[in-house]
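Trainee: Could you take a close look at one part of this model with me? I'd like to go through its open spaces, and then whatever sits around them.

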Amino acid sequence: MIIKERPFPIKIQKLQVLLLRILETHSKTNFIKENLSKSLAGYNGEKSIDYFLSLLPDKSFYILHDLRLFINCRYFQIDTLLLTKSFALILEVKNIAGSIEFDSTFHQMIQKKNGVEIALPDPIIQIGRQESQFKSWLHEHHFPPIPIHTLIVISNPQTIIRSNDKNVSQKVIHAALLPKKISQMNNESHKNILLDRDIRRMIKLIKKFDTPLNPSVLNQYNISRQEIINGVFCEICSYLPLDRVHGYWSCPNCKTKSKVAHLKALEHYNLLFGEEITGQQLKDFLKISSPALATRILNSVCVGYRGKGKGRVHTLPSKHK
């Protein structure tokens, strides 16, 4: 049973909007594109295991995707957490092409692709840290101690896995083997440790304390507000900026007219600058001059405000929350 779906990452949404809102010739464009490509590959890898998890019996397993919990003064993340009455399973998904070798001597993972070798952090150490942190989190919230298993799931079926350490084969699998591996764990767990009420409380607390990462991409890439391209995009041909003519957003390129094209632009604003916006910031970003129009738009879309007069700060709705 899926308790928490895998969301489309806010980080990816922000990178996509950032690329739309900076010049193609910007010095950071290629770097941002590379990071976006890596993030999309990671997300697609995580999504690819959902089919195999769907083969599990619905009533026996509780599945929560993309968690970020706090313990011991820091956050830790879990790609997928699977709960049962007798054990918990943490899955770390890797979407890596070519071949990978687990070097147990130097604790690194070596990727070889197109004749080039790259040393990457050892995911076995990473997932061991997640196991320890989740165990501490359960203890802090007064749950009975339960076995916590961990698996590194290689989502690309063409990836070749190599290691001289026999223990690696117990920790690292291809995604297609996931249902069999989980069934094996379940068959070997003969004792229920958690009661139904424990599972319900655990799920409730995990959902309560789950805190998605919501970084500022402008700070991350050291891009100023002045480098962001303002204006409303055409929904049909992506022309920028649209003109405001007689109550419509009008596209000079394809002649499309829209009453709601500004909504997408305000979503962009939210992703880049946050949910708070003033009347002047809205006028600047939408490239409009009418204070009355700005007020109408703010009153129609915002979910609250603070302050008075020109100092009033409005709150945009956040779909990602």
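What volume does the largest pocket have?

Mentor: Keep in mind that this is a predicted model. The largest pocket comes out at about 1,800 Å³. It has 47 lining residues, and the ones closest to its centre are Ser39, Gly42, Tyr43, Glu46 and Asp79. If you want to set up a box around the site, those are the names to find on screen.

Now for who builds the wall. The elements that give two or more residues to this lining are H1, H2, strand S2 (62-71), strand S3 (74-83), strand S4 (88-94), S6, S7 and helix H4 (123-140). H2 makes the largest contribution, with 8 residues. Sorted by class, the lining holds 19 nonpolar, 13 polar and 15 charged residues.

Let's follow some of those wall elements outward, starting with the helices. H1 covers residues 10-20, and its buried residues are Ile10, Ile12, Lys14, Leu15, Val17 and Leu18. Notice that a lysine, Lys14, is among them. As for spacing, an α-helix has 3.6 residues a turn, so positions three or four apart point the same way. The cover over the buried residues of H1 includes helix H2 (29-48), helix H8 (217-220) and helix H9 (261-273). So H2 turns up in two roles here: part of the cover over H1, and the main contributor to the pocket lining.

On the strand side, S6 and S7 both feed the pocket lining, and both belong to an open sheet of 4 strands, ordered S7-S6-S5-S9, with mixed pairing. Strand S7 (116-121) and strand S9 (160-163) are the edge strands; each has a single partner, so one side of each is left without a neighbour in the sheet. From one strand to the next, the twist averages 25°. Inside the sheet, strand S5 (residues 99-103) and strand S6 (residues 108-113) run antiparallel and are joined by 5 bridges. One spot to check by eye is Asp103, which stands opposite Gln108 in S6.

Carry on along the chain from S6 and you reach Asn114, in the loop between S6 and S7. Its backbone deserves a look: phi of Asn114 is near 55°, a positive value in a residue other than glycine. For background, most residues other than glycine have a negative phi. Asn114 is also exposed, at 73% relative accessible area.

Asn222 makes a nice companion case. Its phi is near 55° too, again positive in a residue other than glycine. Asn222 sits in the loop between H8 and S11 and counts as exposed, at 64% relative accessibility. That loop between H8 and strand S11 (243-245) also holds Pro241, and here the peptide bond itself is the thing to inspect: Leu240 and Pro241 are joined by a cis bond, with omega about 0°. Most peptide bonds are trans. If your preparation script checks backbone geometry, look at how it treats this bond.

Back to the open spaces. The second largest pocket has a volume of about 300 Å³. It is lined by 13 residues, with Gly279, Gln280, Thr295, Gly309 and Lys310 nearest its centre. Helix H10 (279-286) and helix H11 (291-301) each supply at least two residues of that lining, and H11 has the largest share, 5 residues. By class, the lining divides into 3 nonpolar, 7 polar and 3 charged residues.

There is another open sheet to look at, with 3 strands in the order S14-S16-S15 and antiparallel pairing. Strand S14 (276-277) and strand S15 (304-306) stand at its edges, each with a single partner strand, so one side of each has no neighbour in the sheet. S15 and strand S16 (residues 313-315) run antiparallel and are joined by 3 bridges; in one of the pairs, Tyr305 has His314 in S16 as its bridge partner.

Last, the closed space. The structure holds 1 cavity of 30 Å³ or more, and the volume of the largest cavity is about 30 Å³. Its lining is made of Phe233, Cys234, Glu235, Leu242, Trp249, Cys251, Thr256, Lys257, Ser258 and Ala261. By class that gives 6 nonpolar, 2 polar and 2 charged residues.

Technical notes:
Residues are numbered from 1 along each chain as its sequence is written. This is a predicted model: local features need pLDDT of at least 70, side-chain atom pairs count only at pLDDT 80 or more; totals for chains, interfaces and linings use all residues. Side-chain values use heavy atoms; hydrogens and water are left out. Buried means under 20% relative accessible area, exposed over 50%, partly exposed in between (1.4 Å probe, protein chains only). Contact means heavy atoms within 4.5 Å. Two strands pair if DSSP finds at least two bridges between them. Axes are lines fitted to C-alpha atoms, for helices over the stretch in contact, and angles run from 0 to 180 degrees between N-to-C directions. On a 1 Å grid over the protein atoms alone, a cavity is a set of points where a 1.4 Å probe fits but cannot get out, and a pocket is an open set with protein on both sides within 12 Å along at least five of seven lines; lining residues have an atom within 4 Å of a point. Grid points are joined across faces, edges and corners, and a volume is the space filled by probe spheres set on the points. Ala, Val, Leu, Ile, Met, Phe, Trp, Tyr, Cys and Pro count as nonpolar, Asp, Glu, Lys and Arg as charged, and the others, Gly among them, as polar.
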